[in-house]
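Trainee: I am new to this structure and would like to take a close look at one part of it. Could you then walk me through the surroundings in one connected answer?

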Amino acid sequence: MLKLTTREDQIMKLFWQEGPMTIRRLVTFFPEPRPHVNTVSTLVRILEEKGCVAHRGVGKGYEYYAIVTPADVGRSSVCGAIARYFNNSFLGMVSSLIKDEEVSVDELRHLLDEIEKNKDNNPTSTSKS
């Protein structure tokens, strides 16, 4: 499970929006007062250890780039929340959203249509709960 801090998430969004860049360029996207280059460098190294970014040599320095997508991080976050708060039960999460009226009947129908379509396109897939 991939768990990002608020600052790490902010950095990933910059990589997704702006593409590959050096640490110095990354710092320029932060509002004033900007964090120190060393702070951002440390956060990017942590993201690299987590498998979110990679780097390549450019000139005398490095350029960093995202190797996960926003969807990858989102799925991991959702799966983590389901594990922590709903005992690994997707059905439990959906039931809670229905009970709290956060999900409409039309949205549920749409979800069921998507599940059926996916099942038709991938007959070997198995369901998880």
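Trainee: Over the ring of which residue does the charged end of Arg 56 sit, and how many Å from its centre?

Mentor: Please keep in mind throughout that this is a predicted model. The ring belongs to Tyr 65, and the charged end of Arg 56 sits over it at 4.4 Å from the ring centre. As for pairs between aromatic rings, the structure holds zero of them.

From there we can turn to the nonpolar interior. The largest nonpolar core has 19 residues, and among those with the most contacts inside it are Ile 11, Phe 15, Leu 26, Val 40, Val 44 and Val 53. Three helices, namely H1 (6-18), H2 (23-28) and H3 (37-49), each supply at least two residues of this core. As a general rule, nonpolar side chains in soluble globular proteins tend to be buried together. A good residue from which to view this core is Val 44, which, when its neighbours within four places in sequence are left aside, is in contact with Ile 11, Phe 15, Ile 23, Leu 26, Val 53 and Tyr 64.

Two of the helices just named deserve a closer look, since the axes of H1 and H3 come within 10 Å and cross at roughly 85°, and H1 and H3 are therefore roughly perpendicular to each other. Where these helices meet, H1 brings Arg 7, Glu 8, Ile 11, Met 12 and Phe 15, while H3 brings Leu 43, Val 44, Ile 46 and Leu 47.

Helix H1 also holds Trp 16, which is partly exposed, with a relative accessible area of 25%. Not counting residues up to four places away in sequence, Trp 16 touches Ala 66, Val 68, Thr 69, Pro 70 and Val 73. Between Trp 16 and Arg 45 there are 17 Å in space, C-alpha to C-alpha, and the two are 29 residues apart in sequence.

The contact with Val 73 carries us into helix H4, where that residue lies. Val 73 is buried, because its relative accessible area is 6% and buried means under 20%. With residues up to four places away in sequence again left out, Val 73 touches Leu 2, Leu 4, Trp 16 and Val 68. By contrast, Val 73 and Glu 63 are 21 Å apart in space, C-alpha to C-alpha, with 10 residues of separation in sequence.

The loops between helices complete the picture. In the loop between H2 and H3 we find Pro 33, which is joined to Glu 32 by a cis peptide bond with an omega of about -10°. Further along, Asn 88 is found in the loop between helix H4 (70-85) and helix H5 (90-99), and Asn 88 has a phi near 60°, a positive value in a residue other than glycine. Asn 88 is partly exposed, with a relative accessible area of 48%. A positive phi, of about 60°, is also found at Glu 101, although Glu 101 is not a glycine. Glu 101 has its place in the loop between H5 and helix H6 (105-121), and Glu 101 counts as exposed, at 71% relative accessibility.

Technical notes
Residues numbered from 1 in each chain as written. Predicted model: local features only at pLDDT ≥ 70, side-chain atom pairs only at ≥ 80, totals over all residues. Heavy atoms only, no water. Core = buried A, V, L, I, M, F, W, Y, C linked by side-chain atoms within 4.5 Å. Buried < 20%, exposed > 50% of the residue type's maximum accessible area, 1.4 Å probe, protein only. Helix = DSSP H or I, 4+ residues; strand = E, 2+ residues; numbered from the N terminus. Contact = heavy atoms within 4.5 Å. Phe/Tyr/Trp six-rings, centres within 6.5 Å; stacked < 30°, edge-to-face > 60°. Lys NZ or Arg CZ within 6 Å of the ring centre and 35° of its normal. Axes fitted to C-alpha atoms, helices over the stretch in contact; angles between N-to-C directions. Parallel < 35°, antiparallel > 145°, perpendicular 65-115°, else oblique.
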